[in-house]
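Colleague: I've just opened this one and don't know my way around yet. Can you walk me through it?
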Amino acid sequence: RKMKMDDLIEALTIFRKYGNPKYPTRCEHDELTICGIEPRTISEDDTKKLEKLGFFIVKDEECFKSFRFGSA
């Protein structure tokens, strides 16, 4: 299995295909949130890849989050 940094870079590369927001992330309470990219714009294949990398959709907030890359 790849190291966490590799997985994070791969996930961010996928997100980058769908936008380049000025403030792309927020991290609080051990949650890393991807901001400014709406989940509905991301292809099904990329969504599946992101899930394998540790990101999940939060429908009521319309964002992706991960507990895998949050603060220690």
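Modeller: Sure. This is a predicted model. With 72 residues, a compact globule would have a radius of gyration near 11 Å, and the protein has 11 Å, which agrees.

Colleague: What does the C-alpha trace span along its principal axes?

Modeller: About 30 × 25 × 20 Å.

Colleague: And how many helices and strands does the protein have?

Modeller: Two helices and four strands. Reading from the N terminus, the order is α-β-β-α-β-β.

Colleague: What share of the residues count as buried?

Modeller: Of the 72 residues, 32% do. The accessible surface comes to about 5,100 Å², and carbon and sulfur atoms hold 53% of that.

Colleague: What about contacts between residues far apart in sequence?

Modeller: Take the contacts with a separation of 6 or more: 52% of them come from residues 24 or more positions apart.

Colleague: Switching to charges, how far apart are the mean positions of the positive and negative ones?

Modeller: They are 4 Å apart, with 14 positive and 14 negative charges in the protein.

Colleague: OK, cysteines. How many disulfides does the structure hold?

Modeller: Zero. Cysteine 35 is in no disulfide, and the nearest cysteine sulfur to it, that of cysteine 63, is 7.1 Å away. Cysteine 63 isn't in one either, its nearest cysteine sulfur being that of cysteine 35 at 7.1 Å. A pair would have to be within 2.5 Å to count as a disulfide.

Colleague: Is cysteine 35 buried or exposed?

Modeller: Cysteine 35 has 19% relative accessibility, so it counts as buried. The cut-off for buried is under 20%. Cysteine 63 is buried too, with a relative accessible area of 6%.

Colleague: Let's try some charged residues. Where does aspartate 46 lie?

Modeller: In helix α2, which covers residues 44-52. Aspartate 46 counts as buried, at 3% relative accessibility.

Colleague: Which residues is aspartate 46 in contact with, leaving aside its neighbours within four places in sequence?

Modeller: Ile14, Lys17 and Tyr18.

Colleague: And lysine 65, where is that found?

Modeller: Lysine 65 is in strand β4. At 8% relative accessibility, lysine 65 counts as buried.

Colleague: What does lysine 65 touch, again skipping neighbours within four places?

Modeller: Lysine 65 is in contact with Arg26, Glu31, Leu32, Thr33, Gly54, Phe55, Phe56 and Val58.

Colleague: How far is lysine 65 from glutamate 51, C-alpha to C-alpha?

Modeller: Those two C-alpha atoms are separated by 9.9 Å, and the residues are 14 apart along the chain.

Colleague: Now the backbone. I'm curious about phi angles.

Modeller: Most residues other than glycine have a negative phi. Aspartate 30 has a positive one of about 65 degrees, although it is not a glycine.

Colleague: Where is aspartate 30 found?

Modeller: In the loop between β1 (25-28) and β2 (31-34). Aspartate 30 is partly exposed, with a relative accessible area of 39%.

Colleague: What's the phi of glutamate 62?

Modeller: Positive, at about 50 degrees, and glutamate 62 is not a glycine. Glutamate 62 sits in the loop between β3 (56-58) and β4 (63-66). Glutamate 62 counts as partly exposed, at 46% relative accessibility.

Colleague: Back to the loop between β1 and β2. Is histidine 29 there buried or exposed?

Modeller: Histidine 29 is found in that loop between β1 and β2, and at 72% relative accessibility it counts as exposed.

Colleague: How far apart in space are histidine 29 and lysine 59?

Modeller: C-alpha to C-alpha, histidine 29 and lysine 59 are 19 Å apart, with their positions 30 residues apart in sequence.

Colleague: Last one. Where is glycine 70 found?

Modeller: In the segment after β4. Glycine 70 is partly exposed, with a relative accessible area of 22%.

Colleague: What is glycine 70 in contact with, apart from its neighbours within four places in sequence?

Modeller: Cys27, Asp30, Glu31 and Leu32. That Asp30 is the residue with the positive phi of about 65 degrees.

Colleague: And how far is the C-alpha of glycine 70 from that of threonine 25?

Modeller: They are separated by 11 Å, and the two residues are 45 apart along the chain.

Notes:
Residues are numbered from 1 along each chain as its sequence is written. This is a predicted model: local features need pLDDT of at least 70, side-chain atom pairs count only at pLDDT 80 or more; totals for chains, interfaces and linings use all residues. Side-chain values use heavy atoms; hydrogens and water are left out. The radius of gyration is taken over C-alpha atoms; the globule rule is 2.2 Å times the number of residues to the power 0.38. Buried means under 20% relative accessible area, exposed over 50%, partly exposed in between (1.4 Å probe, protein chains only). Contact means heavy atoms within 4.5 Å. Accessible areas come from the Shrake-Rupley method with a 1.4 Å probe; for residues, only the protein chains shown count as cover. Lys and Arg count as positive and Asp and Glu as negative; His and the chain ends are not counted. The place of a charge is taken as NZ of Lys, CZ of Arg, CG of Asp or CD of Glu.
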